[in-house]
Amino acid sequence: MIDTLLSGQLLFAALVTGSLYALTALGLNLVYGTMRVLNVAHGDLVMVGAYAAFWAFTLWGLSPLVAAPVVAAIGAALGYAVYRGIFQRLLAAGASHAGRIEGNSLLLFFGLSILVQNIAALAFTPNNRAYSYLGEVVRIGNVSMTGNRLAALAIAGATCIAVALFLRRSVAGLAMRAVIERREAAYIVGVDVDRVQWASFAIGFASAALAGVLLSMLEQFSPFSGFPFTIAGFIVIILGGLGNVMAGLLAALLLGVIETYGVALTSANLRSVLLYGCFVGALLLFPNGLFSRRRVWG
Amino acid sequence: MKHSTLRRRLLVSGAFALAVTGSAGGAWAQADKPLRLGFSMARTGMLANATPSQLNTYELWKEQVNARGGMSVGGVKRKVEFVIYDDQSKPDQAVRIYEKLITDDKVDLLLAPWGTPFHIAIAPVLEKFKFPLVGNTAASVSLRQVKPGYIWFPTSAIPDRIGVELTAFLKTQNVKSVVVLANILPFTKEIKNHLEPELKKAGIDIKLSSEYPPDIKDMTALLTQAKQANVDAVLALAYPSDSVLYAKQAKELGLNVPFQFVAIGPSDAFFPKAVGPTAAEGVLTVAHWSPRPDWAGSQAFYDTYVKKYGEDPDFLNSALAWMSLQILETAVAKDGLDKEKIRNTISKTTFDTINGQVRFDGVQNAITPTAFVQYQKGKLQIVWPPSIATGKYEPKKSW
């Protein structure tokens, strides 16, 4: 038992799960953080990304690793279009509507989610889709890793780190964080809030599509498999603190750890109990998120 | 003058009336009217991905029946059309749909929805309206509690039978120890509950028995324990999504056990695509059909399905759907649309299907044996029981 816990195998599994959670939650968090709109269609974008990779692979034999940047770019364009087409006016309506924006956006995204699911079901049939790519097992030390899981970990991890660096180091990233933390103040100091908002939408949609590409290598999917990813994303960002992107990444890794080590220590049947137990516990003790600097008891 | 106009009018309208009643009553015109077959199917929602193999089979059948001039209704051929509603993966929705199909759409015949809970949910509706329906994709010991009369279940993949047969199969392969991993969804949980006592009775050592939830995302911990147990057989009582997760992670961890049984999933064409053909090779699963020379039409069904859809039919669900259509077709050819006669015929007749002979005893198929199939050179072959085997069991070499 101890050997199992200390072996790299579980660590690898935890990292793969965690990094995919992190990538899924990343986009959701950015969009929420900058605009206070909850994208409940986020998981459906993951599903669309998975389909894009699937068709590119089955129709043209295109490697998902090659397709990944293309799909992400298309996702970004889609995010930009949705922002310009739907949300720009809604958000520009001003502070008097601020309370309504969250509610309205929820309805809008919910509608979008139903639309996307059903268009996908009509266009692609509700069949389970899957393909096998990089299925060979690589052994490093005493840890065996399937090629596609290793690739998914590398890409998801690198993307999360890149976005984290972008937020920390670049001027544009600083502007984004400014809007997340103090929206009004950001306006006053001259941050181009509109630009920050469309950029968040673009990054948000792109990361969801990318997560879809990576997931398509690992598991099968159908037009209706997006919703669980939305839920996973919500748990991560609420655990980490809504709008707190960095904390979200840590929370995602924590969930990956709970999911693998928790199961190893107790029983697989307790997976949901552990996940939601930690979630509820964290909400009670740290209502602003696990890694928030502002604790309730001060 | 006036008188003759009136008479002429009377004559014309009389002739018209005659023409109308004549044509409506004539068998000729009825044959012209398509036969309407209604059913609900999960086209959206969480179960939608499981239903295409059944719906595809229905569509293939309709195409073939219409190509040969229609379905025989007591000797008169009538073209077939479907009335389909989406039950959104909700059994209570299916109940409303079947009521509507019977009372509002007034369909001529009913076909089955997908899945056990849906079959059980609509059984009282069929009973209430005395409308017979041949079920297909339902398997559970609880089906035996459904009141017999207007619904029948052709599957032989009933969990308690699976427990007995799988144990017998394991004994012939000299398996001494096993690991049982079970998804807690109803069908696999039922298999586990019936399988483990059988294994114990047969003296097979269950080194590890573990359950897991349907939304499991990673099996590393579970499969590491399974590997350490060092057994002769792994019995993964999985559902489609975790069947792929199991196969992929068993490969990653090198869980090289010769007897690899994965309950649901591998019989569907997506499985070898998802895990890769080498990983699928040698995997055993539940199904009681495979193209077999003794079963008339089985090869033709396989070939036409593959031609139309570009992938294999589901060896469990597609085959069951086709069987149910064959049974209905035979009964309607004999009895026309008289529901009571159809019901009598289905209850008493022995039918020839692509899965061999089928006869119902109450709600259950009394003839088809519970069987297991194995991927051999990319094709599923029946390897148990020997009486209907199309191939010989081979231990799985590696993933």
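**View 1. Charges and overall build of chain B.** In this predicted model, chain B carries 47 positive and 38 negative charges, and the mean positions of the two sets lie 6 Å apart. Step back from the charges and the C-alpha atoms of chain B fill a box of roughly 105 × 40 × 35 Å along the principal axes. The secondary structure of chain B adds up to 14 helices and 17 strands. Of its 399 residues, 57% count as buried. The accessible surface of chain B is about 16100 Å², and carbon and sulfur atoms supply 56% of that area. If you like to trace contacts, take those between residues of chain B at least 6 apart in sequence: 68% of them join residues at least 24 apart.

**View 2. Where chain B meets chain A.** Here 35 residues of chain B are in contact with 36 residues of chain A. The size of an interface is often given as the accessible area lost when the parts come together. For chain B and chain A, the buried area is about 2900 Å², with 50% coming from carbon and sulfur atoms. On the chain B side, look for B:Asn49, B:Lys217 and B:Glu252, which lose the most area to chain A. Together these three residues account for 22% of what the chain B side buries.

**View 3. A:His42 and its surroundings.** Over in chain A, A:His42 sits in helix α3, which covers residues 42-60. With a relative accessible area of 1%, A:His42 is buried, because buried means under 20%. Which residues is A:His42 in contact with, once its neighbours within four places in sequence are left aside? They are A:Thr24, A:Gly27 and A:Leu28, along with A:Gly204, A:Ala208 and A:Thr230.

**View 4. The parallel sheet β4-β1-β5 of chain B.** Three strands of chain B make up this open sheet, in the order β4-β1-β5 and with parallel pairing. The edge strands are β4 (80-86) and β5 (109-110), and each of them pairs on one side only. Strand β1 (residues 35-41) of chain B pairs with β4(B) over 7 bridges, again in the parallel sense. To find your place in this pairing, start at B:Arg36, whose bridge partner in β4(B) is B:Glu81.

**View 5. The antiparallel sheet β13-β14-β15 of chain B.** This open sheet also has 3 strands, ordered β13-β14-β15 and paired in the antiparallel sense. Strands β13 (350-353) and β15 (364-365) of chain B stand at the edges; each has a single partner strand, so one side of each is left without a neighbour in the sheet. Strand β14 (residues 356-361) of chain B is joined to β15(B) by 2 bridges, with the strands running antiparallel. A handy landmark is B:Asp361, which stands opposite B:Gln364 in β15(B).

**View 6. B:Tyr375 in strand β16.** B:Tyr375 belongs to strand β16 (residues 372-376) of chain B. Is B:Tyr375 buried or exposed? It counts as buried, because its relative accessibility is 5% and the cut-off is under 20%. Not counting residues up to four places away in sequence, B:Tyr375 touches B:Pro266, B:Asp268, B:Phe271 and B:Pro272. It also touches B:Ala280, B:Glu281, B:Gly282 and B:Val283, as well as B:Leu380. For a sense of distance, B:Tyr375 and B:Asp104 are 46 Å apart in space, C-alpha to C-alpha, and 271 residues apart in sequence.

**View 7. A cis peptide bond at B:Pro385.** The bond joining B:Trp384 and B:Pro385 is a cis peptide bond, with omega at about 0 degrees. B:Pro385 lies in the segment after β17 (379-384) of chain B.

**View 8. Positive phi at B:Lys130 and B:Asn230.** B:Lys130 is not a glycine, although it has a positive phi of about 50 degrees. This lysine is in the loop between α5 (116-129) and β6 (133-134) of chain B. With 43% relative accessibility, B:Lys130 counts as partly exposed. B:Asn230 is not a glycine either, and its phi is positive at about 50 degrees. You will find B:Asn230 in the loop between α8 (220-229) and β10 (233-237) of chain B. B:Asn230 is exposed, because its relative accessible area is 62% and exposed means over 50%.

Conventions: Residues numbered from 1 in each chain as written. Chains lettered and ligands numbered in written order. Predicted model: local features only at pLDDT ≥ 70, side-chain atom pairs only at ≥ 80, totals over all residues. Heavy atoms only, no water. Pairing = 2+ DSSP bridges. Helix = DSSP H or I, 4+ residues; strand = E, 2+ residues; numbered from the N terminus. Buried < 20%, exposed > 50% of the residue type's maximum accessible area, 1.4 Å probe, protein only. Contact = heavy atoms within 4.5 Å. Areas by Shrake-Rupley, 256 points an atom, 1.4 Å probe, with all protein chains shown as cover. Lys, Arg positive; Asp, Glu negative; His and termini not counted. Charge placed at Lys NZ, Arg CZ, Asp CG, Glu CD. Buried area = accessible area lost by both parts, 1.4 Å probe.
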